[in-house]
Amino acid sequence: MQTGLLSAERILKGSPVRQIGRRILILDSVSSTNDIAWGQAEQPDSDGLCVFAETQTAGRGRRGRTWQSGRGDSLLFSVLLRDRPLPADILTLASAVAVAESVAGQFPLHIQIKWPNDVLIEKKKICGILTESRNIRGRMCLVVGIGLNVNQSREFFLSLGLETPATSLAIETGQETDRNALAALILNSLDHWLSVCRYAPGEVGQVWKRYNRQIGSQIRILENQQEFSGTCIDIDPAKGLVVQLNHGPIRFFRAANCTVIPA
Ligand code: BTN
């Protein structure tokens, strides 16, 4: 399903001036929007740049996975944060909150966040977030890459044969969504939540927990090929997932090193 093309003018229409999205680049087909954002990281005025693409030929996900997309049916974009010494973990949580709030504010859907970066509707993945960090000429730079399934059909996901069940807003609502309007909402929300990361990281964790159902439940985690099981008792924005192991002490799991395995 393909609706109107992405347009920087339409994304910026009616939006107040802000840091995230003060420059928007829209491309048709790229390897990965994260790569294009990294290519701009040496430019002094590039903080807040957002790179959108209609499709990616080598979209990447966490832990070496790929992110597949059709043309013109999702939001595939990356936000460049230049010279912001913030931990990638908290940025990922804040970005998931920004997406969850934007979608929940528009549609009467039951949105959840699965640690650390998956936004789900009824246990099916609608959005993934990949945060990368690099030191560029002594400056801490980050790229937050977001893939949100908007107008894909059920057949599209069936043809991919995914391990994790996925869905789109079109499947869940039965209607097409204007991607430009949704992108504008998400950029506004990211602008807010990425600045909250700086001065009130605890607030990010609190709102994140409202969307999460893992806390208090039994989970299995894979870390460096070793499996752990236990009860998830909390998330700590700086240290990660806090788990009371079934056969051991309380342990922290950092987002960069592990995956929660479906029960
Ligand atoms: C995951 O769930 O594993 C993260 C997926 C992140 C996908 C997005 S799509 C836009 C950006 N460019 C990429 O290559 N990846 C991210």
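Strands here are DSSP runs of E, at least two residues each, numbered from the N terminus. With that settled, let's work through this predicted model.

**Exercise 1.** Find the turn residue with a positive phi in the hairpin of β6 and β7.

*Solution.* Start with the pairing: β6 and β7 are antiparallel and share ten bridges. For a landmark along the way, look at L130, which sits opposite G145 in β7. Now go to the turn, where two residues separate the strands. The one you want is R137, with a positive phi of about 50°.

**Exercise 2.** Work out how β5 connects to β6.

*Solution.* Strand β5 covers residues 118-121 and runs antiparallel to β6, with three bridges between them. Within this pair, L120 faces K125 of β6. This hairpin has two residues between its strands, and E122 takes a positive phi near 45°.

**Exercise 3.** Which element gives the most residues to the shell around the ligand?

*Solution.* List the candidates: α2 (33-39), β3 (74-81), β6 (124-136) and β7 (139-149) each supply at least two. β6 comes out on top with four residues. As for character, the shell has six nonpolar, eleven polar and four charged residues.

**Exercise 4.** Track down polar atoms that sit by the ligand's oxygen and nitrogen atoms.

*Solution.* Begin with the residues that come nearest, among them R60, R62 and K125. The backbone of R60 puts a polar atom 2.7 Å from a ligand nitrogen. R62 also uses a polar backbone atom, 2.7 Å from a ligand oxygen. K125 offers a polar side-chain atom, 2.6 Å from an oxygen of the ligand. Finally, check the cover: the ligand alone exposes 420 Å², and the protein buries 99% of that.

Key:
Residues numbered from 1 in each chain as written. Predicted model: local features only at pLDDT ≥ 70, side-chain atom pairs only at ≥ 80, totals over all residues. Heavy atoms only, no water. Near = heavy atom within 4 Å. Polar contact = N/O pair within 3.5 Å; in protein donor to acceptor, adjacent residues only side chain to side chain. Areas by Shrake-Rupley, 256 points an atom, 1.4 Å probe, with all protein chains shown as cover. Nonpolar A, V, L, I, M, F, W, Y, C, P; charged D, E, K, R; others polar. Pairing = 2+ DSSP bridges.
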